Structure formats: C-alpha cells, structure tokens
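This report examines a complex of protein chains, moving from domains to single strands and helices. The reader is invited to follow each passage with the sequence and the structure in view.

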Amino acid sequence: MNTTWTYSRIKTIALPILGLAGAIIIAYAGSDRILTYLIPAYIWGIVVFGWTAIFRVGQFSLGQGAFMMIGAYASAILTTSVAETTQITSAIFQLPTLVGMLLAGVIAGIFALIVGAATLRLGGIFFCIVTLAFNELIRVVAVGIPEWFGGVNGILAPFPAPFGIDFQHSKKPFYFLTLIVLVFAAIVFWRLDRSRLGRHFRAVAANKNLAEHTGLRLSKYRIIAFTVAGFFAGVAGALFGHYLHVVTPTLFGLPEAIIVLIMCTVGGTSTPIVGPLVGALILSPAGDYLTSKFQGGKPLVFGILVVLVAFFLVNGVTSLPNSFINLFRRRSRRPAEART
Amino acid sequence: MVASGLAFVWGVMGILNWAHGQLYMVAAFLVYSMYARAGLNYFLVLVITIVVIGSVGIAIERILIRPVANKGFLAASVVTMGLSFALQGLITVIYGPSLKAVPEVFSGRVSIGGVFVSWQRIVVVCLAIVAMIGLYVLINRTKMGLAMRASAQDGTVAGLFGVKTSRLFAVVMFVGSALAGLGGGLLAPVYSVDPTIGGRPLTLALLAIVLGGLGSFKGSVIGGLLFGFASIMLAYYIGTWYELILFAIIIGVILFRPQGMFGKAEARV
Amino acid sequence: MAILELKGISKHFGNLAALDGVDLVVEEGQLTGLSGPNGSGKTTLFNVVSGFYEPTAGEVIFQGKNVTKMRPDERAAMGLVRTFQSNVLFGQASVLDNVVWASSLESKTNSWAAFLNTRKHREEEKAIVKKAREILEFWGFSGVEDVLASELSHGDQRRLGLAVASATNPKLLLIDEPVGGIGGEERDSVVAHIKLLQQQGITIILVEHHVKTILAICERFVVLDFGRKIADGKPLEVAAQANVIEAYLGTREVGK
C-alpha cells in the first residue's frame, strides 16, 4: 500500500513539472523538425483525453473525428479574413483566431450535447454506431455542400496572429499555443476525474445498474463526459486546421476515429491523462514517420500494435511500470475474512 | 448483402467484426489481382475469393476473437478494429494507395423502364438476391440454421442442448465473411478499387443493423437487405445527394425509433 | 401513513404474467416479509417498485407520489432503494470505494462546485468518507476497507450489498434475499442488523425464503404465488394458512 501511495504522489507532482520543463526545453533546443512531430502529437493528446473520459464513463465513442471536423470548419469559417476568402462563404466573421478556436470548440460541444442527449440514454453499441455514423455524416455534409464548406478542396484557415506574434515563419509559436491548450485540457480532465464527478463516472462504468439504483442518473454523467470531450475535440480540430492552413473533408474520418481509440488503448486507459497522453506522444510521431517512409505503413503497424496490446498488455503501455514494481514487491492478496 | 453478413455474425455470436468492411475491400483486391491482372475467369475468381475470404473469417474468429471472448464486447471490438486497420495498411503496402480499375465483366447496357442499366449491375443484383435467398434458407430451413437461431437467443442454453458452438461459430464467420467477400468481388468491376473502400460498407452495414433493430437477429438481417437495396436505388436515382438523404433518413429513424424496425422496446440494454 | 402503495401491478413478458394484479399497502416503519415459491414474482415485484421495469399495468405510489414512470435513480433520490438477489457490486473497487461510490445522494453541492473543488466540496467529500467508514463498521467491515469487492467471500459480498444500500439513506429499503447462501452465525448477525435498520426508522420489505427468519423479525407477511398475492397478514397466521402451505408443498420449512 505504502509503495503505491508514494509512487502516485511522485507521479502527480514531479512528472507534470518534468514533462512541462522538457517540453519547453525541446522548443528551444530542438530543430523545427522535432516540433513538426510534436505539434500534431499534442493536438491528438487533447483529443485522446476526451476519448478516455468517455471510455471511463463506460462508453465507446467513434465520433471524435466528427467533432474535430466541426471544430476545424467552424474555426476556419469564423476567422477567415477578407483577404483570404477564396470561396463562397458569404458570412465573413473575421474573428481573431484564438476566439475563433474557442468558439469552434463551443460549437462542437453543442453538437456533442445534442448527439449525446439523443443517444446516451441507450448507450452501448447503439451509441457506438451512431457516433460512427455521425462521423461519416459530417464528412458527407462537408463534401456535399460546397457553397458553405468548400467541397472537396475545403477552405482555408488563416494563420493565427494574436498579439502580433508571427506564426507564419516559425513553428515555435504554434508549438507553445498547442502546449498551452494541451496543459489546459489535461488540467480539466484531471480535475474532472479527481472530483466526485470522476467517481460517479467510474461507478456508472463499473456497474450501471447498481449505479443507477444508488441515485446516479446515467445519461447525465455520460453526457457530461461526452460534451466536454466534444468541446476539446473541436478545439483540437480547430488547432489542426489552422496548423495545416487548410481544412478539407478528408481530414478526420473513420480512420482518425479509430486512431484515437488505438492511441488510448496502447497508452492505457486506467489513468485519465497519463496513459492516453503517452499513447498520443508515441503513436502520433510514429505514425507520421511511418507515413513518410512508406504508404500504408501506419495503419498496418498501428493495427498490429493494438492487437498485441489487447492480448498482452491489457492496461496499455503505462501499466508497465506498475507491473515491474509488482514483480519486485510481490504483494499477495488473500481473500479477507471480515468480522461480523 | 454485405450488411447481412455482418448482422449475421453479430446476431449469432454477439460480436461486431469491425474488419468486416475490410474483408469486402480485400475481396475486391483479390478480384482485381486475379481477374484484371491475371485474367482468370470471372466466376472462378468469385468462387475463389469467396472461399478465401470466408476462411479468413474463420481465422479471424479463431486467432483473434477467441482469446478475448471472455473479456467482453469491447475487447473483441478493439481487436477487430486493429485488424481492420492492419488489413488496410497491408493492402496499401502491397498494392499501393492508388485507384485500380477492374474492367466490366458483362458489358453493354439495357434499357429498363426508360433508364439505362448496365448488365454488370444487373448481374450484381441478381447474384446478391440469390445469396440472400441462400442465407434465408440457411437460417430458416436447415438444422444448422436452427442451431444458429438458438444460439442467437441464448448461447449457453444452446450449448447445453448439444449445439457445438465452436463449429457453429466457424460456419457463421465463414458465411458472414463470405458474404462480404462476395460483395467485394461483385462490386469491384462496378466501383473503383482502392484500399479505402472498406469504410463505407462497414458504416452502412452497421446502420442497417441499427435500422433493423439491435436486439433482433432477424431484424438486422432484414435491415441489411433493405438497406442495401435502398442505397443502391437511391444512389442510382438521386445521384450525388443520395448520401445526404440516406443519412438524414437514418438520423430520423434513430431519433424517433431507436429500437429500429424489430428491436425490443426495453430501453435498458 | 402509507409509505408505499401498489395498485393493481401487473407485469407481462409476452404471454407470461410474472405479476398479476398485485395490491399492497406498506405502512411507514414496518418490516414486511415477502415470500413465495420460486418464480412467484418476488424479484419482479422489486424490479417494478424500484423502477427497473415498467409495469404493464398498475401504479406505484411512494410517499403519496406516483412514481410509476420514474427512473431508478429518481426513486433512489426519493428514498426508495433496493438490494439485489445476486451480488451486484462495483467488483474492481475496494470495499470502501463501493460504499463511497454509492453515496452520491449525500452530495449537496452541484457539479460545478465539484469540478472546481471548492472548500464546501472538499468538506463534503471528507464527510462522505467518514460516513462510509461508519456504515462499514456497522456492517462489520472494519479493517478490510481496501480489499477488492470481487475478492470477498460470498457472505461478505452479500453484506457489502446491504452496506452499499445503506449509503443511500433509504426511507424504504427493498432487501432481496440478503442471506441467500449464508448460514449459521453470519446469517443471524445479518438478520439482526436488518432489525436494527428498522429501528433506525427505515421501512423494510424483505424477500426471504427462510420462513423462520420472517417469523422471527417481521411484523407482516406477504406471500406471492404465480404473480398473485395469496396471503397478507400477521406472520404466524399467514404461515398457517392452507393456501400458503400448499404453495410451498414439499418444503420442510413452513410450519416450524
């Protein structure tokens, strides 16, 4: 008992500080190329937190890609400046990019609320399939209404330029922007999990009948998790859009929805943020690297990897340290005899 | 038809093979290789493809699903999703990501009610109908079909009554996967072939299951049928907008009748 | 004051009538025993009363309010709680966590306060853990609060189920075969604790096969058979009724 306590204390305090320090150092010490690997990884990190939260409330979402799309398109539309308008978006809001991204997240969150309210009462496989369909639907809509969404070619998303910081010629500003959002997301999800809400999530996931009979309204907690996850997926999508400078209908589809799942599974879902983040940090750069080396490498390797993990490392990569510790300490558990 | 294959497996075995769509895609590629490139006889190619894909289905069940069967639906899903990814990657590595064209087997068009329909498509529809009838016969008229329906209702009890579940599952996976394979093989000459085509049939198949009703075995198979035909019809008559309309219908159904056509009304699953 | 009224409760599954026109009035503070042969509908009745099933016909009136259409969590919030016949627990959670997780009704602060971890939230949380420990002590789980629920013995799991139910501050508690599979001293202890619960003011309906137990602690005895109520009255009288004995044909327990 004592060992795990200290270990988790170390984890909660030292690791984030170390991680943050490392992240900042890399920005200045490393090349821009490293940043091109890390920025998408951070963005995926934001999304995987949400997926894990949904998973930890007992549901399986295949729709995070849809919310990323909504966020990406919304932000692009909201922030397009007159100079860059190439297509027929007649409503030009010209909002500053940061505001645009935030609003995009809110919009995505609203969609998540609607979808969640409609489907999370039933949950389970129904929810799963509907989120998948929703993913497809968003893609279909994006392609199908070119007047609004630029059709197959998509629309341009401007470079962010808050406070006059130049985002165009160096990766560093974007890196720090994503890092900030990532940290914020991490704090939100961590706080959610630690509060009694996280406890309710776990109860609902562990035994929904019992949880319901102790007064927990199942759909409420599922919807909370799903909506917050949707919001952050939207923000992440917006970030991605501005990072790539263009938003196309093929950006986030079914493969991306599964990638999120794979990242979480490989990283480990027994922790709300460390596991998924590790998954994203490992797989995103790895995926980018594989795709640059040979086509099709990424899906192949990811697919095999997740199967292996499911077979051998049920709790993901992040359970390895604990397993090692258990091996050395060799604590035994005997069924307890309770006094009456 | 592809949807029915998935629904079939889901109904009897209680697992959802997310790689089902990829089986369709692999089949299309097999047909491409054997027919378009190697020039073998089309029907021979179809038969080979069906057998191969069906066997792959059995392999999937044995190798991937059995070990995680007791860990629940989630574990099986993760595994089949991983497989789906891996298959797509594998095919991309082998064949490259670009579109491949498979030439029409039956050329020429015929006029039906004022609309030109290619023979190819007619053959596809006919064979699909034959396959569906075959499935129906299998489920409802054979002894094995009875066993399948029993297992769909309650696997443990069926086992107690002497149904050899492992053999049954093998057959079910074979048939289900073979249907996907047949779909891929049939549609390869009709649509283009590239590694990404697996996603659409899967999504539609899943939606067909939802439409037919999640809890109902018969419903999802029928749902698959109806859906398949509906989407073909819609695609033909409405053109590019058909996807939107299709999805709109689905969303409508989901919102107002979540249990689908035959599903049970109990909200607690 | 009648805390629970069942009016004409029927529950059909297809052609099978699991419950057929059951009427019941339970007074506040009563300890009612509910029994009947297997399949007579006892657990189904609990399922209807707790909200797990919606009845095919009839009404459930709790504390004067019609709750027939309410979800289980709404009823639990009103004080209508049940335990389960099988061991329904948060298996991978510790004994303490099981009770703490079940204490959601103790939280008065809203979700935002919880998220932001305000001082009130923190104090509330401490109070919940403290109360959970008291509940565990009452039911005899001191010293094992970190054991995983799934690793407990069957008897302990049954008792944990009762502890979990206590955490919800029930006004009416439906207890479903709490000592199924437990014998001897452990059984007697659990039964005594149930009596203590009643003395704390909780109305209890107890499903129990062991008629001796019902005779020992219950003030009232209701018997179901084939989904219908066939007896309702003082335990000793009901146990002697001809139709009750007939329903139990073959068992040695009745009449002792």
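Chain C is divided into two domains: domain 1 covers 1-79 + 170-256, and domain 2 covers 88-169. The C-alpha centres of domain 1 of chain C and domain 2 of chain C are 26 Å apart. Where these domains meet, 13 residues of domain 1 of chain C are in contact with 10 residues of domain 2 of chain C. On the domain 1 side of this meeting, α2 and α7 of chain C each supply at least two residues. The element that gives the most to that side is α7(C), with 3 residues. By class, the side of domain 1 of chain C that touches domain 2 of chain C holds 8 nonpolar, 4 polar and 1 charged residues.

The model described here is predicted, and its confidence values should be read with that in mind. The predictor gives the complex an ipTM of 0.85 and a pTM of 0.83. For chain C, the average pLDDT is 85, and 97% of the residues score at least 70. For chain A, the mean pLDDT is 78, and 75% of the residues reach 70 or more. Within chain A, residues 330-340 have a pLDDT that stays under 50, and the model has 17 contacts beyond four places in sequence for this stretch.

**Strand β8 of chain C**

Strand β8 (residues 203-207) of chain C is largely enclosed by the rest of the structure, because 5 of its 5 residues are buried. Both faces of β8(C) are covered. On one side are Thr203(C), Ile205(C) and Val207(C), and on the other are Ile204(C) and Leu206(C), all of them buried.

Two strand pairings of β8(C) can be described. Strand β3 (residues 31-35) of chain C pairs with β8(C) in the parallel sense over 4 bridges. Here Gly33(C) has Leu206(C) as its bridge partner in β8(C). β7(C) likewise pairs with β8(C) in the parallel sense, over 5 bridges. In this pairing the bridge partner of Leu173(C) is Ile204(C).

**Two loop residues of chain C**

Asn169(C) is found in the loop between α6 and β7 (172-176) of chain C. Its phi is near 55 degrees, a positive value in a residue other than glycine. Is Asn169(C) buried or partly exposed? Asn169(C) counts as partly exposed because it has 16 C-beta neighbours inside 10 Å, whereas a buried residue needs 20 or more.

Phe226(C) lies in the loop between β9 (220-225) and β10 (228-233) of chain C. The phi of Phe226(C) is near 50 degrees, again a positive value in a residue other than glycine. With 15 other C-beta atoms within 10 Å, Phe226(C) is partly exposed.

**The contact between chains C and A**

Between these chains, 37 residues of chain C are in contact with 26 residues of chain A. The elements that give two or more residues to the chain C side are α2 (72-78), β6 (80-82), α4 (111-116), α6 (154-166) and α7 (184-199) of chain C. Among these elements, α2(C) gives the most, with 4 residues. By class, the side of chain C that touches chain A has 18 nonpolar, 11 polar and 8 charged residues.

**Two helices of chain A**

The table compares the expected span of two helices with the distance between their end C-alpha atoms.

| Helix | Residues | Expected span | Distance between end C-alpha atoms |
|---|---|---|---|
| α3(A) | 64-79 (16 residues) | 22 Å | 22 Å |
| α11(A) | 254-267 (14 residues) | 20 Å | 20 Å |

For α3(A), the span expected at 1.5 Å a residue agrees with the distance in the model. The expected span of α11(A) also agrees with the distance between its end C-alpha atoms. α3(A) is mostly covered, with 16 of its 16 residues buried. α11(A) is mostly covered as well, with 13 of its 14 residues buried. After α11(A) comes Gly268(A), whose phi is positive, near 115 degrees.

**Chain B in outline**

Chain B has 11 helices and 2 strands. Along the sequence these elements follow the pattern α-α-α-α-β-β-α-α-α-α-α-α-α. Of the 269 residues of chain B, 50% count as buried. Among contacts in chain B between residues at least 6 apart in sequence, 73% join residues at least 24 apart.

Definitions and conventions: Residues numbered from 1 in each chain as written. Chains lettered and ligands numbered in written order. Predicted model: local features only at pLDDT ≥ 70, side-chain atom pairs only at ≥ 80, totals over all residues. Expected span 1.5 Å × (residues − 1). Buried ≥ 20, exposed ≤ 12 C-beta atoms within 10 Å, placed from the backbone. pLDDT = per-residue confidence, 0-100. Contact = placed C-beta atoms within 7 Å. Nonpolar A, V, L, I, M, F, W, Y, C, P; charged D, E, K, R; others polar. Domains from an automatic or database assignment. Pairing = 2+ DSSP bridges.
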